[in-house]
Amino acid sequence: MSSEHSPTPWSYAAALSGSENHKGFHIWAAGWGAIVQVYAVDEDGLTGKANADFIVRACNNFEALLEALKDIERNVGIYSISGLRAVAHAALAQAAGETA
């Protein structure tokens, strides 16, 4: 049995109670609404926010990283070393939330 995951890009937002206390974070899929609840873990919610950010960045960049590795694999021997490094650097920078 195979199925597709919820569409990307994913994002996250704080899940607050009526008194504005941290109740963790909701992860949202494009056009679907909330699909995951990430618990706050700590009193100020910072670890929960870091966890939600990590999950969203990993999911949003998975396909790009996979394609970069496939590109490198297909083109070993064709690209120069600097060309291979450029492909890898761009994909890693995107996954890390940096500019290439």
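1. A contact, as the word is used in this note, means heavy atoms within 4.5 Å. With that in hand, here is a first figure for this predicted model: take the contacts in the chain with a separation of 6 or more, and residues 24 or more positions apart account for 27% of them.

2. Now the overall layout. The chain has two helices and three strands. Read from the N terminus on, the elements go β-β-β-α-α, so you meet the strands before the helices when you follow the chain along.

3. What radius of gyration does the chain have, next to a compact globule of 100 residues? The chain comes out at 18 Å, while such a globule would be near 13 Å. Along its principal axes, the C-alpha trace spans about 60 × 35 × 20 Å. As for burial, 25% of the 100 residues in the chain are buried.

4. On to the helix pair. Two packed helices are described by the angle between their axes and the distance between the axes. Here, the axes of helix 1 (residues 46-75) and helix 2 (residues 81-95) come within 9 Å and cross at roughly 175°. That makes the two helices roughly antiparallel, because an angle over 145 degrees counts as such.

5. Which residues meet between the helices? From helix 1 come Arg57, Asn61, Ala64, Leu65, Ala68, Asp71, Ile72 and Asn75. Facing them in helix 2 are Leu84, Val87, Ala88, Ala91, Leu92, Gln94 and Ala95. Sorted by type, the residues of this contact are ten nonpolar, three polar and two charged.

6. Have a look at Asn61, which sits in helix 1. Is Asn61 buried or exposed? Its relative accessibility is 7%, so Asn61 counts as buried, the cut-off being under 20%. Leaving aside neighbours within four places in sequence, Asn61 is in contact with Gln94 and Ala95. With Gln94 there is also a polar contact, side chain to side chain, at 3.1 Å.

7. Tyr79 is worth a stop too. You'll find Tyr79 in the loop between helix 1 and helix 2. At 32% relative accessibility, Tyr79 is classed as partly exposed. Setting aside neighbours within four places in sequence, Tyr79 is in contact with Asp71, Leu84 and Val87. Those three names also turn up in the list of residues where the helices meet. Compare Ala91: Tyr79 and Ala91 are twelve residues apart in sequence and 16 Å apart in space, C-alpha to C-alpha.

8. Back towards the start of the chain, Ser6 lies in the segment before strand 1 (10-16). With 13% relative accessibility, Ser6 counts as buried. What does Ser6 touch, not counting residues up to four places away in sequence? The partners are Ala29, Trp32 and Ile35.

9. Finally, two backbone details to check on screen. Most residues other than glycine have a negative phi, and most peptide bonds are trans. In this model, the peptide bond from Thr8 to Pro9 is cis, with omega near 10°, and Pro9 belongs to the segment before strand 1. Val41 has a positive phi, near 70°, and is not a glycine. Val41 is in the loop between strand 3 (33-38) and helix 1. Its relative accessibility is 61%, so Val41 counts as exposed.

Note on methods. Residues numbered from 1 in each chain as written. Predicted model: local features only at pLDDT ≥ 70, side-chain atom pairs only at ≥ 80, totals over all residues. Heavy atoms only, no water. Axes fitted to C-alpha atoms, helices over the stretch in contact; angles between N-to-C directions. Helix = DSSP H or I, 4+ residues; strand = E, 2+ residues; numbered from the N terminus. Parallel < 35°, antiparallel > 145°, perpendicular 65-115°, else oblique. Nonpolar A, V, L, I, M, F, W, Y, C, P; charged D, E, K, R; others polar. Buried < 20%, exposed > 50% of the residue type's maximum accessible area, 1.4 Å probe, protein only. Polar contact = N/O pair within 3.5 Å; in protein donor to acceptor, adjacent residues only side chain to side chain. Rg over C-alpha atoms; globule rule 2.2 N^0.38 Å.
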